[in-house]
Amino acid sequence: MTYTEQLRTFEWRLRSLIIMKRDGMKCVKCGCAKSVLQVHHTKYHKDLLAWEYPEKYLITVCDKCHNEIHANTPSGDFWNNMPLKIKKFKFSKKVLALFD
């Protein structure tokens, strides 16, 4: 399973929701809560699936900050030139209520 495919799974979507709720549903870098939020892996391990990372390696960021992070890392060129955009997944209020 490719990394992009991992990010489309139920397991990753659930894990990312848990991280977003932990971070108060806002970007940990700029504090924005009105933008599309994503979960960023601060470290990458080839032997772990996207949802298997410890929480300490996952942070919630807005789209702008996520792009800035990847633009300033050695893998920035890969992320900036990726032709396939990962679909944004929106959770319903009922799903979010499960984590209150």
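**Salt bridges, core and strand pairing in the predicted model**

Glu-55 is partly exposed, at a relative accessible area of 36%. The model described here is predicted. Glu-55 forms a salt bridge with Arg-15, in which the closest N and O atoms are 3.9 Å apart. Arg-15 belongs to helix 2 and Glu-55 to the loop between strand 1 and strand 2, so this pair ties together parts that are 40 residues apart in sequence. In contrast to the partly exposed Glu-55, Arg-15 counts as buried, with a relative accessibility of 18%.

Glu-55 forms a salt bridge with Arg-22 as well, the closest N and O atoms being 3.6 Å apart. This pair also links distant parts of the chain, with Arg-22 in helix 2 and Glu-55 in the loop between strand 1 and strand 2, 33 residues apart. Arg-22 is partly exposed, at 37% relative accessibility. A salt bridge joins Arg-22 to Asp-23, where the closest N and O atoms lie 2.9 Å apart. Asp-23 is buried, its relative accessibility being 14%. Arg-15, Arg-22, Asp-23 and Glu-55 are thus linked in a network of salt bridges. Over the whole structure, the search finds four salt bridges. Side chains of opposite charge can pair when their charged atoms come close.

The loop between strand 1 and strand 2 also contains Glu-52. Glu-52 is partly exposed, with a relative accessible area of 40%. Its C-alpha atom is separated by 9.1 Å from that of Glu-11, although the two residues are 41 apart along the chain.

The loop between helix 2 and strand 1 holds Met-25, a residue other than glycine with a positive phi, near 55 degrees. Most residues other than glycine have a negative phi. Met-25 is partly exposed, at a relative accessible area of 27%.

The largest nonpolar core comprises 16 residues, and Trp-12, Cys-27, Val-39 and Leu-58 are those with the most contacts inside it. At least two residues of this core come from each of helix 2 (10-22), strand 1 (37-41), strand 2 (58-62) and helix 3 (63-71). In soluble globular proteins, nonpolar side chains tend to be buried together. When neighbours within four places in sequence are left aside, Val-39 is in contact with Trp-12, Ser-16, Ile-19, Met-20, Leu-58, Ile-59, Thr-60 and His-66.

Strand 1, in which Val-39 lies, has five of its five residues buried, so the strand is largely enclosed by the rest of the structure. Leu-37, Val-39 and His-41 point one way from strand 1, whereas Gln-38 and His-40 point the other way; all are buried. In a regular strand the side chains alternate between the two faces of the sheet. Strand 1 pairs with strand 2 in the antiparallel sense, over five bridges. One of the bridge partners is Val-61 of strand 2, which is matched with Gln-38.

Helix 3 has Cys-65, His-66, Ile-69 and His-70 buried. Seen down the helix axis, the buried residues of helix 3 fall within an arc of 135 degrees, so they line one face of the helix. His-66 on this helix is among the residues in contact with Val-39.

No disulfides are found in a search of the whole structure. Cys-27 is in no disulfide, the nearest cysteine sulfur being that of Cys-65, 3.8 Å away. Cys-27 is buried, with a relative accessible area of 3%. For Cys-62, the closest cysteine sulfur is likewise that of Cys-65, at 3.6 Å, which is too far for a bond, since a disulfide requires the two sulfur atoms to lie within 2.5 Å. Cys-62 is buried too, at 4% relative accessibility.

Terms used
Residues are numbered from 1 along each chain as its sequence is written. This is a predicted model: local features need pLDDT of at least 70, side-chain atom pairs count only at pLDDT 80 or more; totals for chains, interfaces and linings use all residues. Side-chain values use heavy atoms; hydrogens and water are left out. A nonpolar core is a set of buried Ala, Val, Leu, Ile, Met, Phe, Trp, Tyr and Cys residues joined through side-chain atoms within 4.5 Å. Buried means under 20% relative accessible area, exposed over 50%, partly exposed in between (1.4 Å probe, protein chains only). Helices (H or I, at least four residues) and strands (E, at least two) are DSSP runs, numbered from the N terminus. Contact means heavy atoms within 4.5 Å. Two strands pair if DSSP finds at least two bridges between them. The arc is that of the directions from the helix axis to the C-beta atoms. A salt bridge is a side-chain nitrogen of Lys or Arg within 4 Å of a carboxyl oxygen of Asp or Glu.
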